[in-house]
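Thank you for making the time this morning. I would like to walk through a few local details of one model, and then open the floor.

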Amino acid sequence: MGIGGALVHPLIISAFDASLVAGSTTEYFMGIPLSFLNYSSSVIPIIFASWISCKIEKKLDALLPATIKTFVTPLICLMLVVPLVFIVVGPEATWLSQLLANGYQTIYGFAPVLAGAIMGAIWQVCVIFGLHWGLVPIIFNNLTVLGHDTLAPLLLPAVIGQTGAVFGVFLRTRDAKLKMLSGSAITAGMFGITEPAVYGVTLPYRRPFFFGCIAGSIGGAVIGYYQSAIYSIGLSNIFTFTQMIPPTGIDNTVWGAIIGTLLAFSIATILTWMFGLPAITDQPPGRQNQ
């Protein structure tokens, strides 16, 4: 918990926000440049940090006297692991994010449908690893330079696809707790907050998460075909459609985005409802242990 708290400390979040500003200065730790990420929306860095901490803790417990290891071991683990995450995970994730961003721009240049399919499929995976922050500057740059952006619409089916997968779970399960959790996650997902859906429902059951990604890929391909764009910044959610209306009025780019998003939601819901859950979750809570 201490390591996780250090990764999402307000000062770290502030340093990340400052790093997004053009011309920002580079921070150093013992002469090593640091790359900051918003670790509050990712899970892989803290898993990596916990695994390293566990290895160090075992070594320290074997070396330190029993009288001091209770309070010295956690302190040393924090002092070693937290800087290690910033030094290793941050730069590696930044490099992968930039590679992903350059790949998107290249693919969209000659095949918007393929770019839409790829981004719709991998967006939620990128969020889990914290790699999605490399794509955010592209959205801001496109809006600033071009006045519109074609990347953000491709992400909408990925968000709504996971929401559809949770809706499929909600319709299928007879477990009261899972139904309540998935029901609340649906509302949050519609407004662009997919963490409750992904970490609470679809990822733990695996198949709903993959069905959501598949549906997001199909919906993203449709939106890529229509080359839909946004004209203002905002979180990808059901209100994004209003951001897609061009100055000339509603056209095929808007209708294409609506079709692609509804398609992603429907496919994810149907696949999850039919194949997404183990049989045990279909039983009433009182019969699951029989």
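Let me begin with how the helices are named, since I will use those names throughout: a helix here is a DSSP run of H or I with at least four residues, numbered from the N terminus. Please keep in mind that this is a predicted model.

With that in hand, helix H6 covers residues 136-145, and its buried residues are Val136, Ile138, Ile139, Asn142 and Leu143. Looking down the axis of H6, these buried residues fall within an arc of 165°, so they line one face of the helix. On the other side of H6 we find Thr144 and Val145, which are exposed, and after the helix comes glycine 147, with a positive phi near 85°.

Positive phi brings me to two further positions, and the background is that most residues other than glycine have a negative phi. Arginine 206, which is not a glycine, has a positive phi near 65°; it sits in the loop between helix H9 (195-205) and H10, and it is exposed, with a relative accessible area of 57%. Glutamine 227, also not a glycine, has a positive phi of about 50°, lies in the loop between H10 and H11, and is partly exposed, with a relative accessible area of 46%.

Is serine 228 buried or exposed? Serine 228, in the loop between helix H10 (207-226) and helix H11 (240-243), is buried, because its relative accessible area is 1% and the cut-off for buried is under 20%. A polar atom of the serine 228 side chain lies 2.5 Å from the backbone oxygen of threonine 253. Leaving aside residues up to four places away in sequence, serine 228 touches Asp149, Thr150, Pro153, Ile223, Met244, Thr253, Gly256 and Ala257.

Finally, let me turn to how H10 packs against helix H5, residues 112-129. The axes of H5 and H10 come within 6 Å and cross at roughly 145°, and the crossing is right-handed. On the H5 side the residues that meet H10 include Gly116, Ala117, Gly120 and Ala121, and among their counterparts in H10 are Cys213, Gly216, Ser217, Gly220 and Ala221. Sorted by class, the contact of H5 with H10 has ten nonpolar and seven polar residues, and no charged ones.

That is where I will stop, and I am happy to go back to any of these positions in the viewer.

Definitions and conventions. Residues are numbered from 1 along each chain as its sequence is written. This is a predicted model: local features need pLDDT of at least 70, side-chain atom pairs count only at pLDDT 80 or more; totals for chains, interfaces and linings use all residues. Side-chain values use heavy atoms; hydrogens and water are left out. Helices (H or I, at least four residues) and strands (E, at least two) are DSSP runs, numbered from the N terminus. Buried means under 20% relative accessible area, exposed over 50%, partly exposed in between (1.4 Å probe, protein chains only). A polar contact is a pair of N or O atoms within 3.5 Å; within protein, one must be able to donate a hydrogen and the other to accept it, and residues adjacent in sequence count only if both atoms are side-chain atoms. Contact means heavy atoms within 4.5 Å. The arc is that of the directions from the helix axis to the C-beta atoms. Axes are lines fitted to C-alpha atoms, for helices over the stretch in contact, and angles run from 0 to 180 degrees between N-to-C directions. A crossing is left-handed if the near helix is turned anticlockwise from the far one by less than a right angle, and right-handed if clockwise. Ala, Val, Leu, Ile, Met, Phe, Trp, Tyr, Cys and Pro count as nonpolar, Asp, Glu, Lys and Arg as charged, and the others, Gly among them, as polar.
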